[in-house]
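User: I'd like to learn how to read strands, sheets and helix packing in a model. Could we go through one together?

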Amino acid sequence: MLTRADFRKYEQLVTDWISRYYDQIEDFPVRSQVKPGEIYSQIPSALPVKGESIESIIRDLDEIIMPGMTHWQHPNFHAYFAANTSVESVFGEMLTSAISAQCMIWATSPAAAELEERMMEWMRDAMGIPSDWEGVIQDTASSASLVAIITAREVKTDFRSNFEGVPGNLRVYCSTETHSSVEKAMAISGLGRNNLVKIGVDSGQVMQVAELEQAIKTDLDNGLVPCAIVAALGTTGTLAVDSLPDIAILARKYDVWLHVDAAYAGTALFLPEYRWMIEGIELADSFVFNPHKWLFTNFDCSAYFVKNADLLIRTFEILPEYLKTPTRGTVNDYKDWGIALGRRFRALKLWFVLRSYGQAGIQRTLRNQIEWTLHLVETLKQDPVFEIVRKPFLNFFCFRLLIEGKTEDELNKINEQYLHRINDSGEAYLSHTRIGSTYVIRVVIGQTYVRKHHVNNLQSILQKFRP
Ligand SMILES: Cc1ncc(COP(=O)(O)O)c(C=O)c1O
């Protein structure tokens, strides 16, 4: 067991480890190459009776754990959506864990509450979110969307569901491409997964607004109660952007809550040239994006903005005696802005990132990635075997190998095997989706320290593993 005084003795060991990790990260296979159970079987089956040394724990970290890690910060990580970090964020996180404050209410750390308030204002104003909206940090976009659906439920039932239970006729609408967290939120909120109406998408994977209106009208005719719409700005599969202006008009016409899920693509709002995505936001009710995806801030940190914080607080506040404070009502007690009582000091890492990058640094980094993505696509296009199935948007595109004379099924198989060959090599990591029945490979150039030569290298890898 260490004492606080031992911190000095061992800090170097840990920070050296981190520095070495970052120096050598490109030597690791991007995706872990272990088989199921390989790590588990190396971990003793019971808690050690006698404490062990930090040196031996760090040795096992290298020998047992690291082979089982996938390196999300590797510049050749292009799978899923990035969950990037930065040196600044790591420093902030280290300090957060050192201070280890539990920031449930203002009084339990006024600085945490007030820094969070400011950080949310900084981002709101830098992203063009209406200046009268307020924000709170949630752990994930899944939680933020759950919070939005529960708030919508309370607003629609005049705040009775919290007390009496949830009526079975509240309906929520989203496209078939919306993230699965919304369906999960339906289950958890008590609205029920069967009350999620999935609206079809057009050839661009964008929600069909006419079909949305028709679904709302049909529900009304059947005595059901439209409660909320979730619009996606940047769907998980193909980064499609629903038409917020059109959806917002319907939300107001039918008096339903409009939640905007911009978990990944929201970061692009730091670039004025992408503000068109939130045209109509003033008619929406809530908006989420994840700094822990593309804003250089390590997981977890999800930014949730609402037009009317009173509705949020009315939905979630609960006040046992031990949490009553004299400052209540004059400060932000963030426990009432979401699900958990206990809260980490997440604003600190955001403060480190936002101050160190500044608006200019954020914009430069995003624009570089967008430009390199475009360049990669232009290069791939020169070889007809690469079909660009989703043209580049932000730092994302989808492609597949197109080999003449093959059926759709054969092409799907060829592309699946091609993806596995790349990922099994450890040289790069990519993921896939299906557009209709077509198997496509997604590419995301979103790692904080990715540079142009990594993107050029990706192009060579894509060539090298093709049949
Ligand atoms: C559009 C979208 N919404 C929500 C989520 C869920 O994010 P989180 O992991 O923060 O819950 C994702 C995850 O990739 C996503 O792509």
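User: Let's start with bridges. Which residue is the bridge partner of I388 in β9?

Analyst: The general idea is that strands of a sheet pair through backbone hydrogen bonds, either parallel or antiparallel. Bear in mind that this is a predicted model. Here I388 has F399 as its bridge partner in β9. That pair belongs to an antiparallel match between β8, residues 386-393, and β9, residues 396-401, with 5 bridges in total.

User: What happens at the turn in the hairpin of β8 and β9?

Analyst: There are 2 residues between the strands, and L394 takes a positive phi near 55°.

User: In what order do the strands of that sheet come?

Analyst: Read across it and you get β8-β9-β11-β10, an open sheet of 4 strands with antiparallel pairing. β8 and β10 (431-435) are the edges: each has a single partner strand, so one side of each has no neighbour in the sheet. From one strand to the next, the twist averages 30°.

User: And how many bridges join β10 to β11?

Analyst: β10 and β11 (residues 438-444) run antiparallel and are joined by 5 bridges. For a landmark, look for T433, which stands opposite V440 in β11. While you're there, find helix α13 (residues 408-425), which packs on the sheet and touches β9, β10 and β11. The direction of α13 makes about 30° with that of β11.

User: Which strands does helix α12 lie across?

Analyst: Helix α12, residues 347-381, lies across β8 and β9, and runs at about 160° to β8.

User: Does α12 have helix company too? At what angle do the axes of α12 and α14 cross?

Analyst: At roughly 30°, with the axes of α12 and α14 (residues 452-464) coming within 10 Å. Angles under 35 degrees count as roughly parallel, so α12 is roughly parallel to α14. The crossing is right-handed. On the α12 side the contact uses W372, L376, T379 and L380, while α14 brings K452, V455, L458, Q459 and L462. Sort the residues of this contact by character and you get 6 nonpolar, 2 polar and 1 charged.

User: Can we try that reading on another helix pair? Which residues of α8 and α9 meet?

Analyst: V209, L212, E213 and I216 of α8 meet D246, I247 and L250 of α9. By character, the contact splits into 5 nonpolar, no polar and 2 charged residues. The axes of α8 (residues 209-221) and α9 (residues 244-253) come within 10 Å and cross at roughly 15°. That angle is why α8 and α9 count as roughly parallel to each other. Again you'll find a right-handed crossing where α8 passes α9.

User: Back to strands. Which way do the residues of β6 point?

Analyst: In a regular strand the side chains alternate between the two faces of the sheet. In β6 (residues 286-289), S286 and V288 point one way, F287 and F289 point the other way, and all are buried.

User: Which strands pair with β6, and in which sense, parallel or antiparallel?

Analyst: Take β5 (residues 257-261) to begin with: β5 and β6 run parallel, joined by 3 bridges, and V260 stands opposite F287. With β7 (residues 302-306), β6 pairs in the antiparallel sense over 4 bridges, and S286 stands opposite V306 there.

User: Where does β6 sit in its sheet?

Analyst: The order is β1-β7-β6-β5-β4-β2-β3, which puts β6 between β7 and β5 in an open sheet of 7 strands with mixed pairing. The edges are β1 (134-138) and β3 (196-199), each with a single partner strand, so one side of each is left without a neighbour in the sheet. The twist averages 20° from one strand to the next. Over at the β3 end, β2 (residues 170-175) and β3 pair in the parallel sense over 4 bridges, with Y173 partnered by V197. At the β1 end, helix α4 (residues 110-127) lies across β1 and β7, at about 115° to β1.

User: One loop question to finish. Is P326 buried or exposed?

Analyst: P326 lies in the loop between α11 (309-316) and α12. A residue counts as exposed with 12 or fewer other C-beta atoms within 10 Å; P326 has 7, so P326 is exposed.

Note on methods: Residues are numbered from 1 along each chain as its sequence is written. This is a predicted model: local features need pLDDT of at least 70, side-chain atom pairs count only at pLDDT 80 or more; totals for chains, interfaces and linings use all residues. Two strands pair if DSSP finds at least two bridges between them. Axes are lines fitted to C-alpha atoms, for helices over the stretch in contact, and angles run from 0 to 180 degrees between N-to-C directions. Two residues are in contact if their C-beta atoms, placed from the backbone, lie within 7 Å. A residue is buried if 20 or more other C-beta atoms lie within 10 Å of its own, exposed if 12 or fewer, and partly exposed in between; C-beta atoms are placed from the backbone. Angles under 35 degrees count as roughly parallel, over 145 as roughly antiparallel, 65 to 115 as roughly perpendicular and the rest as oblique. A crossing is left-handed if the near helix is turned anticlockwise from the far one by less than a right angle, and right-handed if clockwise. Ala, Val, Leu, Ile, Met, Phe, Trp, Tyr, Cys and Pro count as nonpolar, Asp, Glu, Lys and Arg as charged, and the others, Gly among them, as polar.
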